[in-house]
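Subject: Handing over the structure, with notes on what was found

Dear colleague,

Here is the structure that I promised to pass on to you. Please open it beside this message, so that you can look up each residue as you read.

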Amino acid sequence: SVTLPDDLLDTDGKLLVRAGTRVNPLDVRPLSRVLVFVDTGDPAQLHWLGRTLSPARPAKLILTGGSPSETAKHLEGRAVYFDQNGELVRALGIHEVPTTVEQEDRHLRLRSFDPEEAP
């Protein structure tokens, strides 16, 4: 949750949320899929990713290292995102990869994995 430091206004200047209000972004916009943070420059993590992905479980791939274009080719064109400057990793408090981020109720659950072990 975050506490708004200033009033939040719409484009017409109408008050949406008063300063000091505590807001959980997951109440406004829940996660639609699992976030998978991985460094595909590490062959073990790339192999782990291939074993982990499932069409039945939608996931958004976010690279912390490796080549987005090479990863997309390896994963047959699947969309791949890159955590520019590590902003998401810092904001979520991720200390190692691969890590998944999922929503559980009004909270985020982070799970780190050993890429050498089966998922």
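What follows is a walk through the findings, taken one topic at a time.

Please keep in mind from the start that this is a predicted model, and that every value below was computed from it.

**Aromatic rings**

I would begin with the aromatic side chains, where a search of the whole structure turns up one aromatic pair. The partners are Trp48 and Phe113, whose ring centres lie 5.3 Å apart and whose planes meet at 40 degrees, so the pair is classed as tilted. In general, a pair of aromatic rings is described by the distance of the centres and the angle of the planes. Trp48 belongs to helix H2, residues 43-52, while Phe113 sits in the segment after strand S9, residues 107-112, so the pair ties together parts that are 65 residues apart in sequence. Trp48 has a relative accessible area of 0%, and it therefore counts as buried, since the cut-off for that word is under 20%.

A second finding also concerns a ring, although here the partner is a lysine: Lys60 lies over the face of Tyr81, at 5.0 Å from the ring centre.

**The cavity and the largest pocket**

Turning to the empty spaces, the structure holds one cavity of 30 Å³ or more, and the space in the largest cavity comes to about 60 Å³. Its lining is made up of Val34, Val36, Thr52, Leu53, Ser54, Arg57, Ala59 and Thr100, and by class these residues divide into four nonpolar, three polar and one charged.

The largest pocket has a volume of about 310 Å³. Its lining has 15 residues, and those nearest the centre of the pocket are Leu31, Leu35, Lys60, Ile62 and Leu88; you will recognise Lys60 as the residue that lies over the face of Tyr81. Strand S5 (34-39), strand S6 (59-65) and helix H4 (87-92) are the elements that give two or more residues to this lining, and the largest share, three residues, comes from H4. Sorted by class, the lining of the largest pocket has eleven nonpolar, one polar and three charged residues.

**Thr99 and its contacts**

Which residues does the side chain of Thr99 reach with its polar atoms? A polar atom of this side chain lies 2.5 Å from the backbone oxygen of Glu96, and the side chain also makes a polar contact, at 2.9 Å, with the side chain of Ser112. Thr99 itself is found in strand S8, residues 99-104, and with a relative accessibility of 1% it counts as buried.

**From helix H4 into the loop that follows**

Ala91 lies in helix H4 and, at 66% relative accessibility, counts as exposed. The C-alpha atoms of Ala91 and Ser112 are 16 Å apart, and these two residues are separated by 21 residues along the chain.

Gly93 is found in the loop between H4 and S8, and at 35% relative accessibility it counts as partly exposed. Between Gly93 and Leu110 there are 9.0 Å in space, C-alpha to C-alpha, and the two are 17 residues apart in sequence.

**Backbone features to look at with care**

Most residues other than glycine have a negative phi, and most peptide bonds are trans. With this in mind, please look at three places in the backbone.

One of them is the peptide bond that joins Val97 and Pro98, which is cis, with omega at about 5 degrees; Pro98 is found in the loop between H4 and S8.

Another is Asn85, a residue other than glycine whose phi is positive and near 60 degrees. Asn85 lies in the loop between strand S7 (80-82) and H4, and it is exposed, with a relative accessible area of 55%.

The remaining one is Asp105, which is not a glycine either and yet has a positive phi of about 55 degrees. Asp105 has its place in the loop between S8 and S9, and with a relative accessible area of 70% it is exposed.

With best wishes,
Your colleague

Methods:
Residues are numbered from 1 along each chain as its sequence is written. This is a predicted model: local features need pLDDT of at least 70, side-chain atom pairs count only at pLDDT 80 or more; totals for chains, interfaces and linings use all residues. Side-chain values use heavy atoms; hydrogens and water are left out. Rings of Phe, Tyr and Trp (its six-membered ring) pair if their centres lie within 6.5 Å; planes under 30 degrees apart count as stacked, over 60 as edge-to-face and the rest as tilted. Helices (H or I, at least four residues) and strands (E, at least two) are DSSP runs, numbered from the N terminus. Buried means under 20% relative accessible area, exposed over 50%, partly exposed in between (1.4 Å probe, protein chains only). A charge sits over a ring if NZ of Lys or CZ of Arg is within 6 Å of the ring centre and within 35 degrees of the ring normal. On a 1 Å grid over the protein atoms alone, a cavity is a set of points where a 1.4 Å probe fits but cannot get out, and a pocket is an open set with protein on both sides within 12 Å along at least five of seven lines; lining residues have an atom within 4 Å of a point. Grid points are joined across faces, edges and corners, and a volume is the space filled by probe spheres set on the points. Ala, Val, Leu, Ile, Met, Phe, Trp, Tyr, Cys and Pro count as nonpolar, Asp, Glu, Lys and Arg as charged, and the others, Gly among them, as polar. A polar contact is a pair of N or O atoms within 3.5 Å; within protein, one must be able to donate a hydrogen and the other to accept it, and residues adjacent in sequence count only if both atoms are side-chain atoms.
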